[in-house]
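The exercises below are to be worked through with the sequence and the three-dimensional structure at hand. Each task is followed by a solution in steps.

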Amino acid sequence: TVRAINASQAGSGLTLAQLSALLGAGIAHDTLLRGKEAGAIGQILAAALSELPKRTGMQGADLAAIAGHAAIVVVAESMVEAGARPAAITAACGKLLKSMAIPEDLIHYLAAAVSTKACAQEAAAVTQHRPDAVGTITKRAAVDAGLPDGAATVLAANAAAEAVARTMAQNGVLPQQVAEAAQTAAMTAGADNTLAAALAATHAAQEAALQSARMASPADDVGWAARSALSAVGLSGPAPLELIAVPAAVRAVDSMA
């Protein structure tokens with residue numbers, strides 16, 4: 001895998017950071033298929049990263065964090081599908097990161113955040129059209145992952161809003177309804193009205209714009225999808241448009257180029 005990545009880097013257009021993320025996800029997926037535990041993934045990944053060429057100014061620790069994050073996303077998603085509890089997922093992800101010598105002060109937060117996000121996405125897929133249930137499940141997952149209440153609320157609200165927005169947009173739901181559902185999920189996870197509206201607008205605008213772009217819609221329609229998400233949660237004026245809707249539409253169009 002490392003040799004293939006090294007050989008393809010020059011012509012791929014990918015940065016070393018992007019390649020490190022691909023390596024992390026690929027090794028995690030392959031190692032899990034072989035029935036090995038998360039700690040083994042970290043050891044294999046650390047050895048593989050040491051072979052990557054040092055062609056950028058990035059430090060080895062930066063590349064390890066990027067690859068480690070990509071790997072624990074795969075681990076968390078796999079464990080959620082298998083029915084593991086958030087605490088167990090967080091522990092496995094933390095073990096993987098520790099085996100890669102990731103700084104101790106980052107390990108638990110990264111592991112808990114990824115565990116919470118995986119639980120939110122699974123909840124959104126299973127509890128169709130129940131954003132309130134997604135918010136409740138995600139907040140419970142964040143607390144079970146060992147996060148203090150304040151951090152658990154913010155992470156859960158963000159993860160729930162993102163998961164609901166992504167799932168509903170991909171199911172062809174209108175942007176306004178996507179935003180309203182994402183706001184409900186965020187509020188049920190504990191966010192106040194202001195935070196919930198901001199999170200819902202951010203994720204709904206992005207996911208609605210992406211879905212519009214995937215359907216080969218004209219750029220104007222992609223922009224409309226992003227703007228509609230904002231208006232649905234009461235955000236209007238030049239600032240939300242410039243900070244949320246316009247970047248979301250641009251990213252969506254660029255992703256299809």
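**Exercise 1.** Leaving aside its neighbours within four places in sequence, which residues is Val178 in contact with?

*Solution.* The model is a predicted one, in which local features need pLDDT of at least 70 and side-chain atom pairs count only at pLDDT 80 or more, while totals for chains, interfaces and linings use all residues. Residues are numbered from 1 along each chain as its sequence is written, and side-chain values use heavy atoms, with hydrogens and water left out.

Step 1: contact means heavy atoms within 4.5 Å. Step 2: once neighbours within four places in sequence are set aside, the contacts of Val178 are Ala165, Met168, Ala169, Val173 and Ala204.

**Exercise 2.** Describe the largest nonpolar core and say which helices supply it.

*Solution.* Step 1: a nonpolar core is a set of buried Ala, Val, Leu, Ile, Met, Phe, Trp, Tyr and Cys residues joined through side-chain atoms within 4.5 Å, where buried means under 20% relative accessible area, exposed over 50%, and partly exposed in between (1.4 Å probe, protein chains only). Step 2: the largest such core has 50 residues, and Val178, Ala186 and Ala205 have the most contacts inside it. Step 3: at least two residues of this core come from each of helix 6 (104–126), helix 7 (131–144), helix 8 (149–170), helix 9 (175–188), helix 10 (193–214), helix 11 (219–232) and helix 12 (238–255), helices being DSSP runs (H or I, at least four residues) numbered from the N terminus. Step 4: helix 8 gives the largest share, 12 residues. Step 5: apart from this core lies another, of 29 residues, which includes Ala48, Ile72, Cys119 and Ala141.

**Exercise 3.** Is Ala25 buried or partly exposed, and which residues does Ala25 touch beyond four places in sequence?

*Solution.* Step 1: Ala25 belongs to helix 2 (residues 16–33). Step 2: Ala25 counts as partly exposed because its relative accessibility is 25%. Step 3: not counting residues up to four places away in sequence, Ala25 touches Ala70, Ala71 and Val74.

**Exercise 4.** How many disulfides does a search of the whole structure find, and why is Cys93 not bonded to Cys119?

*Solution.* Step 1: a disulfide is a pair of cysteine sulfur atoms within 2.5 Å, and the search finds zero. Step 2: the cysteine sulfur closest to that of Cys93 is in Cys119, and because it lies 9.9 Å away, it is too far for a bond. Step 3: Cys93 counts as buried at 0% relative accessibility, and Cys119 counts as buried at 10%.
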